[in-house]
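This briefing is intended for a reader meeting the structure for the first time. It begins with the nonpolar core and then turns to the chains and their contact.

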Amino acid sequence: MSEAVNQHTEVSYLEYKGRFKGLFAWIFSTDHKRIGLLYLYSMLVLFSVAALLGLAMKIELIAPGKTIMDAQTYNSFFTLHGITMIFLIVVPGLPAVFGNFFLPIMIGAKDVAFPKLNLLSWWIYIIGAFIALSAQFIGDGPPDTGWTFYAPYSFRTGTNMLPAVTGAFVLGFSSIATGINFIVTMHRMRAPGMTWMKMPLFPWALYGTSWIQVLATPIVGVTLLMIVLERTMQIGFFDPALGGDPILYQHLFWIYSHPAVYIMILPAMGVISEIIPTFARKTIFGYKAIVVSTLAIAFVGYFVWGHHMFTSGMSGTALYTFSILTFFVAIPSAIKIFNWVATLHKASIDIQTPFLWALCFLFVFMVGGLSGMVLGALSTNVHLHDTAFVVAHFHFIVFGGTGYAFFGAIHYWYPKMFGKMYDKSWANIGLAIFFTGFNILYLPMFYLGMTGMPRRYYDYVDEFHGPNIVSSLGALLMISGLIIIITNLVRSGKHGETAEADPWKGKTLEWTVASPPSLENFEEIPTVTKHPYGYE
Amino acid sequence: MEKDQHTHIVKYKTYVYVLIVLLFMTFVSVAVTEIDLGPYTVTMALLLASIKSVLVLLIFMHLKFDKKFYGIMVASVFLLLACVIVITFMDYLYR
């Protein structure tokens, strides 16, 4: 892609000695790569906790009645699981970790446009996380509303709602700051010769994502603030008793939270668009179509929030408008799938761990996307709303989409980030166990939902027992796979073989710098002359 | 990537005129609440607020004197928010 291949003599960003030492050299670093890793380590801890909460819920559901926890504990577990996974991991996930680390390198820059703002974003993230999680330990008991904080229950419940809502409000600022930083970076700091149509697809995905972060996050911020005001000052926004409208809360919440699904999935699609051409050794099929569909998803994604509210009592006009718009958003998503598959056609595929993650992504994302069509249709939605079917669909899209892309990304860029190569055999074994467990866990939930099992219930009738046993065993298998994957990655950081600068024979700019990169990435800013995926 | 940047100095008199218009519009925003416009109350409030925002963006934030590209970007955002509000009100007006 670049004429200049940077042969580095400088020390890597991991060994660089700055003004501070030890832990302070990390938590006060404005280097985009260190900040990316700060997010990664923070999320790894939070993800482990949230995944264990999910496992505990599945163990509770292995048999009808009380198994290991009571109903109220179950309510607080799914609330904490949701808040942590959504607000602290999946929404910031790929942009904060891999966007921070690779966006500047992939566009030929030495850092993001505002490095200090970037560090501030991480600090706000940590502060928001502490506030949100403090709700579990102080006051009147852990929140039990679910991660959506639906009104009017969210201000009538006796549990400790305010810190959870305030934490989510604070986290929004981190998201907005990161979004602004990335937009400015891409507009102002692309390397000479890197026109918009020569920019790799992961930065393009981050561009679409950043606009959603900047434009949609303030809406949920204001909405959460309105809950705080309603709880503390009895101002009637959403409580009918105070003259408010609870459906207005759902509108405002989903005006953000549906585009937030695209904050989660667009960068995931960007990662897959990087992995597939690298291992197919082939120029990506339909580069421009993928770019346009990225922007189309970001745009149309703003107008489909109402499909979360089909049974809320909205007007008929709003119902079918949202249903039609929901089907429109499937078109650009399908375009991407077809382009990825077309890229593989007649390709010289090198089957490596990141590529296997990308293939698994295609499968689970297709299942998630097609089950979304079932939920987007009004007639079937009425039957399936608030059932286990929705939980299965959601996890196939969000965990199956973003989660698989996240693990694909870390296996793809791990040698570049740490300068070490992980054990490929263990990585593949971990993936196989994880993928098998994932499907055993979530596929029965489609059946459970279709036969009427509601979501967020800690108990069920005997008819649902069999599929729930299968699903719970799947959870245990999936967690086993996760443990293997994470252990392999952590262990390889110390014991792994030294990685080459370009172990996968990639063409984008990050593969032209040393592994791990130096503090300023490039000794000399490269001049870009070729297409990012110039394999032919 | 951008090379030519220039500054544009706006006369104080213009700022004062805009300030007066903004204050007047604020007065109108309060006064109009006395009239019962039914479901269009919010429309009126948003319309007045939008006019005020446009004035601030154009004059105080110098969008009028900046590159057209920035104007297009800001207009797109306004259009997006307008669409979101219109779709939301499709529920309220037809419920």
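In this predicted model, the largest nonpolar core comprises 168 residues. The residues with the most contacts inside this core are A:A168, A:V271, A:I272, A:F361, A:A405 and A:A409. Helix α9(A) contributes the most to the core, giving 22 residues.

**Around A:V271**

- Leaving aside residues up to four places away in sequence, A:V271 touches A:L94, A:F98, A:F202, A:A405, A:G408 and A:A409.
- Two of these partners, A:A405 and A:A409, are also listed among the residues with the most contacts inside the largest nonpolar core.

**Chain A as a whole**

- Chain A contains 16 helices and two strands.
- Of the 536 residues in chain A, 54% are buried.
- Among contacts in chain A with a separation of 6 or more, 84% join residues that are 24 or more positions apart.
- The C-alpha trace of chain A spans about 65 × 50 × 45 Å along its principal axes.
- A compact globule of 536 residues would have a radius of gyration near 24 Å, and the 23 Å of chain A therefore agrees with that expectation.

**Where chain A meets chain B**

- The contact between the two chains involves 13 residues of chain A and eleven residues of chain B.
- On the side of chain A that touches chain B, the elements giving two or more residues are α9 (246-280) and α11 (316-344) of chain A.
- Helix α11(A) supplies the largest share of that side, with four residues.
- By character, the residues on the side of chain A that touches chain B are six nonpolar, five polar and two charged.

**Chain B: annotated regions and helix geometry**

- An unreviewed UniProt entry lists residues 12-32, 38-60 and 72-94 of chain B under "transmembrane region".
- Over residues 38-60 of chain B, the chain is 87% helix and 0% strand, with the end C-alpha atoms 34 Å apart.
- Over residues 72-94 of chain B, the chain is 100% helix and 0% strand, and here the end C-alpha atoms lie 32 Å apart.
- Helix α2 of chain B covers residues 41-60, and its 20 residues should span 28 Å at 1.5 Å a residue; its end C-alpha atoms are 28 Å apart, so the expected and computed spans agree.
- After α2(B) comes B:H62, which has a positive phi, near 60 degrees.

Definitions and conventions:
Residues numbered from 1 in each chain as written. Chains lettered and ligands numbered in written order. Predicted model: local features only at pLDDT ≥ 70, side-chain atom pairs only at ≥ 80, totals over all residues. UniProt positions renumbered as here; feature names shortened; annotations may be inferred. Contact = placed C-beta atoms within 7 Å. Nonpolar A, V, L, I, M, F, W, Y, C, P; charged D, E, K, R; others polar. Expected span 1.5 Å × (residues − 1). Rg over C-alpha atoms; globule rule 2.2 N^0.38 Å. Buried ≥ 20, exposed ≤ 12 C-beta atoms within 10 Å, placed from the backbone. Core = buried A, V, L, I, M, F, W, Y, C linked by C-beta atoms within 7 Å.
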